[in-house]
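Student: Got a minute to go through this protein with me? I'd like to talk about its annotated binding site.

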Amino acid sequence: MPKNSKVTQREQSHEHVTESVADLLAHEEPLDYKSSSLNVGGAAGKKVPQIEVPENDGRPAWNSKLQYILAQVGFSVGLGNVWRFPYLCQKNGGGAYLVPYFILLLIIGIPLFFLELAVGQKIRRGSIGVWNYVCPRLGGIGMSSLMVCGFVGLYYNVIIGWSIFYFFQSFQYPLPWSDCPIRKNGTLAIVEPECDKSSATTYFWYRQTLNTTSTIAESGGLNIKMTLSLLVAWIIVCLAVIKGIASSGKVMYFSSLFPYVVLFCFLVRGLMLKGSVDGIAHMFTPKLEKMLEPQVWREAATQVFFALGLGFGGVIAFSSYNKIDNNCHFDAVLVSVINFLTSILATLVVFAVLGFKANIMNEKCVVENAEKILGYLNSNVLSHDLIPPHVNFSHLTTADYAEMYGVIKTVKEDSFPQLGLEPCVLEDELNKAVQGTGLAFIAFTEAMTHFPASPFWSVMFFFMLINLGLGSMIGTMTGITTPVLDAYKVQKELFTVCCCIIAFLCGLLFVQRSGNYFVTMFDDYSAGLPLTVVVILENLSVAWIYGTKRFMQDLEDMLGFRPYIIYFYLWKYVSPFCLIVLISATVIEMAISPPGYNAWVQELAQERFQSYPPWALAMCFALIAVAMLPLPVVFIARHFNLMSDGSNKLSVSYHKSMMKDISNLEEQDEARFILGGKPGEAPSSGPARKPFLTPGGNKPMDSLNTLISVSPPKS
């Protein structure tokens with residue numbers, strides 16, 4: 001033991017022995033996790049060898065608190081904040097959607113995020129080691145989490161590859177998706193029919209970028225451009241995570257902060273555009289009746305769930321590199337609030353730009369339909385008497401067109417449908433909800449073509465998407481590598497490179513010409529239900545198997561203050577109930593919604609919903625089954641002693657004799673946890689209680705007896 005340790009100093013000063021005992025308990029030898037208090041399924045009474053290890057177990061650590069916070073923010077704030085949250089907000093009542101979202105963030109998001117941070121920080125292992133440690137029979141939680149990370153990482157990096165392709169295409173003026181290509185047929189030049197039927201940005205996305213097939217069954221071979229983009233994406237990710245947090249932590253300084261710079265720049269520029277205020281007003285005009293619909297609450301809960309990255313293992317992995325006394329409660333609240341505010345900021349940006357686009361499209365609609373009316377007037381299909389006298393076709397406003405449209409529709413009621421006139425209402429344009437790739441690669445790119453200096457804004461936008469995706473991919477890869485490196489002594493760099501190579505080869509499925517449909521499949525089926533099951537088992541294993549009261553006491557010992565008692569009830573009752581409801585709603589939604597995808601039909605130049613063929617349907621359910629398979633397999637194997645319970649040495653280990661009275665804590669009066677001190681109160685000045693150790697009614701003599709089995713400290 002170091003000469004300047006508390007124990008040595010107090011021995012030299014001849015202080016009372018019980019204080020030395022208390023300090024010795026803080027420097028006990030490591031022990032197999034099976035005999036720790038946090039292990040519920042370990043065998044009791046086994047003699048475990050006592051091995052002394054240095055206080056620093058050699059585990060990597062964050063260089064600073066800021067680096068860690070940026071890593072958690074980078075992982076939780078991803079592409080979904082930019083293209084999923086605004087869509088849900090528009091679809092589910094505008095400003096009214098923020099109410100259920102914020103409520104569910106408080107009762108589900110922050111408590112479960114806090115729970116994952118706490119167990120990772122204390123046990124100092126990745127997802128597999130943590131849940132093996134808590135309850136070996138539920139060790140499949142960590143393995144399922146790792147499987148989901150693998151599935152998500154495969155297709156998520158494909159999206160980064162798409163962004164890389166658009167990023168490099170943005171270095172030209174005019175932007176390549178600003179106009180439809182011209183096809184020459186001899187001396188005749190015509191607009192590409194597929195582009196003419198849709199739009200320039202839609203054509204560039206489906207034909208020139210993806211070169212997509214009309215069905216998922218048509219492979220079409222590899223898309224070379226997308227294959228090279230995917231290779232570049234995996235090289236970037238591999239370089240970012242190859243040294244663990246030593247490299248990824250430094251990358252996070254840029255990848256986490258740069259998107260905010262771009263978002264603020266886009267917000268300022270967007271607010272200067274004509275029609276931006278219309279978009280923002282439309283976005284936040286609350287439709288309060290929507291709050292009564294169960295579907296709104298289900299989608300809000302799902303978005304909260306995935307926005308924070310719960311269940312992926314990245315949160316646990318990042319927190320496992322923290323100091324044991326780090327205030328993870330503050331971290332949980334801070335990161336959750338940053339995530340929520342980022343979603344609001346992204347929503348403002350998206351709808352400022354889409355409001356500008358809606359005004360342009362509405363003006364274009366007015367011009368096109370005014371030309372139709374002029375044609376009908378010149379051919380005497382319509383009478384000039386139908387046109388209000390103040391209307392000037394040279395300077396036709398949307399209000400003038402709306403008045404003229406209303407008169408014609410009233411007078412020509414019977415033959416009006418044959419005229420083919422459109423109402424050209426701004427509200428209709430704003431109601432055209434888009435999400436995901438449709439928002440980023442079609443709607444937003446189309447709006448940017450109308451920006452002054454459009455290549456600059458396009459470069460900034462897609463560089464932002466790359467950084468948002470990179471932050472989430474680093475967390476996802478850490479959720480894969482950390483548990484494996486904890487369990488097996490393999491070289492970090494070699495293992496990371498092998499993972500990236502295997503992932504790239506598997507990712508070739510997504511860069512076929514039909515690859516976009518597989519991205520949709522994996523997004524819909526590989527993560528949703530399995531992750532929800534993983535998180536509810538995490539919640540139940542801590543709150544009901546290990547015990548919420550014990551966990552609350554552990555947190556007090558670890559943090560130095562007692563968390564708010566509301567967490568006790570949220571973890572034990574509210575969160576499990578909400579998650580069970582969410583799982584039920586998800587299963588019902590999957591049962592009543594026909595499994596399928598939106599295919600791009602080249603002949604029609606539009607999307608059309610198609611059902612999955614039998615083999616693809618089997619693949620969908622195989623993704624769910626494979627992701628959740630470790631849960632029952634590990635439970636059965638360990639229940640019948642067919643599988644090792646993962647008794648690798650953990651950095652947080654406990655002496656068997658210190659644990660003999662741990663079960664007494666569950667019998668203690670609940671008032672101890674309810675009537676205790678408030679968060680933030682100073683810890684007692686007496687001897688520190690051992691984390692994960694609260695024997696009921698131990699007397700000084702009991703502790704002195706325990707000291708007999710502890711080897712004497714070395715000077």
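Tutor: Sure, let's take the binding site and then two of its residues.
This is a predicted model, with local features needing pLDDT of at least 70 and side-chain atom pairs counting only at pLDDT 80 or more, while totals for chains, interfaces and linings use all residues. Residues are numbered from 1 along each chain as its sequence is written, and side-chain values use heavy atoms, leaving out hydrogens and water.

Student: Which residues does the UniProt "binding site" annotation cover?
Tutor: The unreviewed entry lists G74, V77, N81, N339, L468 and S472. Positions follow the numbering used here, feature names are shortened, and annotations may be inferred rather than shown by experiment.

Student: How far apart are their C-alpha atoms?
Tutor: No two are more than 12.7 Å apart although they span 399 residues in sequence, so they gather at one spot.

Student: Okay, N81 next. Buried or exposed?
Tutor: N81 is buried (under 20% relative accessible area; exposed is over 50%, partly exposed in between; 1.4 Å probe, protein chains only), at 2% relative accessibility.

Student: What does N81 touch?
Tutor: Not counting residues up to four places away in sequence, S76, P86, N339, S343 and A346; contact means heavy atoms within 4.5 Å. Also, a polar atom of the N81 side chain lies 3.0 Å from the backbone nitrogen of G78.

Student: And where is L468?
Tutor: L468 sits in helix α21, residues 454–487 (helices are DSSP runs of H or I, at least four residues, numbered from the N terminus). L468 is buried too, with a relative accessible area of 6%.

Student: Which residues is L468 in contact with?
Tutor: Leaving aside neighbours within four places in sequence, L468 contacts G74, V77, G78, L79, V82 and P259.

Methods. A polar contact is a pair of N or O atoms within 3.5 Å; within protein, one must be able to donate a hydrogen and the other to accept it, and residues adjacent in sequence count only if both atoms are side-chain atoms. Helices (H or I, at least four residues) and strands (E, at least two) are DSSP runs, numbered from the N terminus.
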